[in-house]
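Biologist: Got a minute to walk me through this model? I'd like to go over its charged pairs, its domains and its ligand.

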Amino acid sequence: MRHIAIIGSGPAGYYTAEAAQKHWGDDARIDIFDMLPVPFGLIRTGVAPDHQSIKSVSRRFEKTNLTENVRFVGNVTVGEDISVSELQEMYDAVVLATGAPRDRELGLPGEELGNIFGSAAFVGWYNGHPHFAKLAPDLSGRHAVVIGMGNVALDVARILAKTPREFDGADIVQHALHALDASNIQTITIVGRRGPHQIMMTPKELGELMHLERASPMVDPADLPDEAEDALLEPGLRKSVRHLRDFAAIPASIHGETPVTIEFDMFASPIVFHGDGVVREIELEETRVEAGRAIGTGRTYRIKADMVVSCIGYRTSPIPDVPFDERAGRFANDEGRILNGLYAVGWARRGPSGTIGTNRPDGYSVVEKIAEDIESGALGNGGKRGRKAFDEFAAAKGLDIVTFRDWKKIEEAEEAAGRAGAPREKFVDIAAMIAAKEQ
Ligand code: NAP
């Protein structure tokens, strides 16, 4: 029997469990740990609440969890409730699938001013992540600035632009819905340090900006390269640039009719935040792109900013005694291997890139590595006690474990609480989640 512990119940964790289940069948017992009492990580608290179809992958993860050999162990923080080395004594392989939940910082003067948020915090706020539910961004100003030209920046800009009616069928949490309903924001500026040919936003998501009820996207035609150059782009990027060209062609009269404008400010790198306790303006330096890199021109200007969300990427949270690559912001690993019997997968392995589906091959690949290490004898000759040992440890420590069955009770309560047309109303604090499982 092989005992495998997976830390993190997001897509990378569940795809790894699925792969392990396929590989070893009844010869393996797989425990998926999560610090929250609820599973699915990024699917629950990262994917935008108005993108429900992407969230449906959780049904596949549920199927994995309903096989007897896989179990969910929620409400356990590895590194606090139990150490990685304690887990390694119990399980043949420990796989870190903890994602990248911390914001990368810009490292600019004024970044500590009020109403400036990283995307992990801001997305966590509108998605009901217990760590960020109390963020309370002030949306009473007219100008919001979103830094970065990736899909997270796009999510944030779209959410800020939508009317309450456009959240029909979405699982955005009530506190965010109310705040957005009362929002005064009229201009959302998306700041990109490079240009249209370097945009990271994908076409399907970018196209959604054309169909917003009260907002219209605006691109300065002067920022667009010669159209003939688009032919050299790979097809996805070419489609994204096509959207930018369509945005640039929207007549001024349309912008006059929509109360909210989503402006793209490209070739602009933020350098200083200005304010009086709270952010009021951002100073930007014009850039040009050389060999794919943004180069500052020395010319600067300021734009208004009553709130700022910086969407420039994420870092993995370090865990005591696990080698960490500070520069890359993820666990130090060689194709998933960190130390003997300790592995990383998903964003914790490769950094914050790719779609949910990218984690599938990643999960299958780490299981291959584990199988190779078992085969070669590197992981010893078995004899570990896996979940039996963990259950004894949890009982002795008095840990309040949340099982998958408990989660189904929490889920039922969330579904019952959903406003008309919404799939659920999420609990936004851990005590409420725990209380719901006790019902
Ligand atoms: P991303 O795609 O890597 O975009 C990050 C953006 O931040 C880039 O435009 C980057 O510019 C910019 N940036 C980085 N450092 C900067 C700095 N110091 N100053 C100014 N700008 C800076 O990351 P993401 O948007 O966080 O998304 C993470 C992953 O999740 C991506 O793979 C994304 O596609 C995926 N995702 C997918 C969806 C979806 O499919 N619907 C939704 C959300 C997220 P440079 O390019 O110049 O570095």
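**Salt bridges, domains and ligand**

Modeller: Sure. The structure holds 38 salt bridges, a salt bridge being a side-chain nitrogen of Lys or Arg within 4 Å of a carboxyl oxygen of Asp or Glu. This is a predicted model, where local features need pLDDT of at least 70 and side-chain atom pairs count only at pLDDT 80 or more, while totals for chains, interfaces and linings use all residues. Residues are numbered from 1 along each chain as its sequence is written, and side-chain values use heavy atoms, with hydrogens and water left out.

Biologist: Which residue meets Arg360 in a salt bridge?

Modeller: Arg360 sits in helix α13 (residues 359-375), and its partner is in helix α1 (residues 11-24), 342 residues apart; helices here are DSSP runs (H or I, at least four residues), numbered from the N terminus. The N to O distance is 3.8 Å, and the partner is Glu18.

Biologist: How much area do domain 1 and domain 2 bury between them?

Modeller: The bounds come from an automatic or database domain assignment, giving domain 1 (2-101 + 316-437) and domain 2 (102-314). Buried area is the accessible area (1.4 Å probe) that two parts lose on being put together, summed over both. Of this area, 53% is on carbon and sulfur atoms, and the total is about 2400 Å².

Biologist: Which three residues supply 25% of the area that domain 1 buries against domain 2?

Modeller: On contacts (heavy atoms within 4.5 Å), 31 residues of domain 1 touch 28 residues of domain 2. No other three residues on the domain 1 side supply more of the buried area than Pro49, Arg419 and Val428.

Biologist: How many salt bridges does the rule find across the interface of domain 1 and domain 2?

Modeller: Side chains of opposite charge can pair when their charged atoms come close. Lys426 and Asp171 form a salt bridge, with their closest N and O atoms 3.9 Å apart. Across the interface of the two domains, the count is 5.

Biologist: And the ligand: which residue has a backbone N or O atom 2.8 Å from a ligand oxygen?

Modeller: 20 residues surround the ligand, each with a heavy atom within 4 Å of it. Arg194 puts a side-chain N or O atom 2.8 Å from a ligand oxygen, and a side-chain N or O atom of Glu205 is 3.3 Å from a ligand nitrogen. The backbone atom you asked about belongs to Gly354.

Conventions:
Polar contact = N/O pair within 3.5 Å; in protein donor to acceptor, adjacent residues only side chain to side chain. Helix = DSSP H or I, 4+ residues; strand = E, 2+ residues; numbered from the N terminus.
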